[in-house]
Amino acid sequence: NEFKSYLSSRLDEMALRIGRRTVQSVYCRSLNSTYFHEEVEDALTNRKPIVALESTIITHGMPYPRNLEMARSVEQICRSQGVVPATIAIKDKQVKVGLSDEELKHLSLTKNAVKVSRRDLVCALARDAVGGTTVSSTMLIAHRNNIRVFATGGIGGVHREGEVTMDISADLNELGRTSVAVVCAGVKSILDIGRTLEYLETQGATVVTYGDSRDFPSFFTPSSGYQSHFNVTTPEQAAELIYYNQKQNLGSGIVIAVPIPHAHAADGASTAAAIDVALKEAAERGISGASVTPFVLGRVNEITKGKSLNANVALVRNNVRVAALIARQLNVLEGGYASRVHGVADAPAHVEGLHPPLIIGATNIDIVCRTEKELQGNSGKDLLNGNVRFVKGGVARNVAEAYLRCSGTSPDFVSVVGADWMGDKILEESRKMKLNTSGIKKIKGGSTSIASLFLLNGEVKYGLADFSVHQFITPDMVSVSAVKDRPLVILDCDTPVRTAVHVKDLAVTSDIPLLIEPTAPQKFKQFVECGILAMATMVTPNLTELQALIQPSDLLDIPMPRVTTRDLDHRETKEIKRVLPYAMWCVNHMTRPTRHEKVVLITLGELGAVCAVLSPSSRLQVHFTKALPTSIPTLSPDQILSVSGAGDSFLGGFLSSYLRNSSNVSSALVRGSYCAYESLRTYDTISDSLDSVSVDEKVKQWDMNTIIIVDEIFK
């Protein structure tokens, strides 16, 4: 007893010194039979952000192989946000916190897996069962191991006619006694949502909606007709709720209800009708208890011909993305690992997966004037009929927004705006979309950059710009630590040359990949002449910019690889033979010794894009991708609202995939093509229809692969 008392006092003392979470985790893991995957073990020991994931959705919620695809994808979503996923399951008489890929596959294929709630936990362990953990048991296990945030599809609740049957999910009691935040799409729509919310109130569980309203979602649909007492609009606000819940030691959980993304919301009326049909069938067949939910969800999927399953996957992925963002912010509040990655100008040493790319360059307002009549020959006395819009612009800003929308993570962004209403508007809009604005400097007495673009049938015919404020993007805005350990630093050519040279030197010193994005032929030429291209690892010009820079005679001595054109039509073959020498000119001028691969990405407008990749081992691959899959009709001129943001959308979409998995260039090119296509259909430079979940789903539907036209060892 004296030893136990001494141990307890020492643990309390250590908790005060290095953080209670770490000490409690070590103590807990030393006493129970829980098995921790090494990734989770490391995260708990080093206080990295973690999101718990349940496994009943794998064993009982979806058919194979969709369950495995979903499980893998949500873990990847966590990692892409710099957060460690901890999928929890029962196997080999152990509670598993974190699973290997083999274990995920085994779980998804197991036919006799049991559904493990709190009640079933000891039985499953004693009988050596393979078990998928429900919301209640996952909460319990996460709480015991000091994991604060848990993501799932939807929570259980009071069943319809629950006042008669007393069929109430154990999830609700768990929320009343276990201090874990559950990020979900609300209450499963097969349940009595009103009574469920009343029961949660009785249990003292906090219920909030994540979004601009207090509408409480009902799984497949964004609104159930009921409301939460509160709503939060940012990961920071949600993290503060969890933080103060812990500080007050309430002992109860939090429901953070996230509406399904609008693009994936199943039609409310048809889904509700399908649920009613399935519930009636369940009653007729005598199905009850824990078997009701999987039966009803399966029948709803059949009745809706798979649409409800697609919606289910989409909402789970979205919930996990939101949970990862919240977990990361909570980790900052708690002084954990993520708190050491904050800001731009003085970013500290890299933590794997947490550093976003750094983008430096222009922010401006585009005044887009669109007409269908030729401007030439107009006397100026008459006003042409047309469409005039103010849109957010600037190549660097556009790429940053496209990357944010496609990845769900904001890049760090260095730029300037004037201290005027336009600058204020850009900052306001950027913050609304969660773009990191800490690196954007307001210049007193300066005017925000403006570009007036005159479009004829969507194509830019004339332009007039005032970019004088860009001179204030100065070297002191980018420090050594801001560049160090980035996955990529991106410079657009509107950056002053002196600043670009400074950033180039920092990237070379720290061996960081550097991307040059040309914004105009003359500015690109300055970057080449100053040696910036030579030290770049990526460059993303269009053919017009290259032709303005490179004389045909400059291409005569460029060594050319062997090209395979058997999968190309005549027009594509002709264009590639015209473009490839320019790509090889760029490759030969990127002379920096580095461990990183060299990438030249050239967009070809309606024909698609060419991407040359030279590895450090001198393996050269050149990919060609069409602009559209054959199943998607080409846009007519009246459907193309603006082309001014298509290239930037392509690059942002490409990088959101390439930085996640650089070995899959094909996937990145297809992603970029889809984002460019969406940009053409909107007046905005970057389409607001893009988000990480919808882009993933749409790209899967685009049955399009790139063609490798070169693959050889090349010196």
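## The four-stranded sheet

In this predicted model, four strands form an open sheet with mixed pairing, arranged in the order 14-13-17-18. Strand 14 (387–393) and strand 18 are the edge strands, and each of them pairs on one side only. From one strand to the next, the twist averages 20 degrees.

Helix 17 (residues 421–432) lies across three members of this sheet, namely strand 13, strand 14 and strand 17. The helix runs at about 95 degrees to strand 13.

## Strand 17 and its two partners

Strand 17 pairs with strand 13 (residues 364–371) in the parallel sense, over eight bridges. Two residue pairs illustrate this pairing: D366 has A451 of strand 17 as its bridge partner, and I367 has S452 of strand 17.

With strand 18 (residues 459–466), strand 17 pairs in the antiparallel sense, over seven bridges. Here F454 stands opposite Y462 of strand 18.

Why is strand 17 described as largely enclosed by the rest of the structure? Strand 17 covers residues 449–456, and six of these eight residues are buried, so the strand is largely enclosed. Buried here denotes a relative accessible area under 20%.

## The ten-stranded sheet

A further open sheet contains 10 strands in the order 16-15-12-19-20-21-22-23-24-25, and its pairing is mixed. Strand 16 (440–443) and strand 25 (707–713) stand at the edges; each has a single partner strand, so one side of each is left without a neighbour in the sheet.

Within this sheet, strand 19 (residues 489–492) and strand 20 (residues 514–517) run parallel and are joined by four bridges. One residue pair across these strands is D492 with its bridge partner E517 in strand 20.

## A helix on the ten-stranded sheet

Helix 23 (residues 646–658) packs on the sheet of 10 strands. The strands that helix 23 touches are strand 19, strand 20, strand 21 (538–539), strand 22 (598–603) and strand 23 (609–614). The direction of helix 23 makes about 145 degrees with that of strand 22.

Key
Residues are numbered from 1 along each chain as its sequence is written. This is a predicted model: local features need pLDDT of at least 70, side-chain atom pairs count only at pLDDT 80 or more; totals for chains, interfaces and linings use all residues. Side-chain values use heavy atoms; hydrogens and water are left out. Buried means under 20% relative accessible area, exposed over 50%, partly exposed in between (1.4 Å probe, protein chains only). Two strands pair if DSSP finds at least two bridges between them. Contact means heavy atoms within 4.5 Å. Axes are lines fitted to C-alpha atoms, for helices over the stretch in contact, and angles run from 0 to 180 degrees between N-to-C directions.
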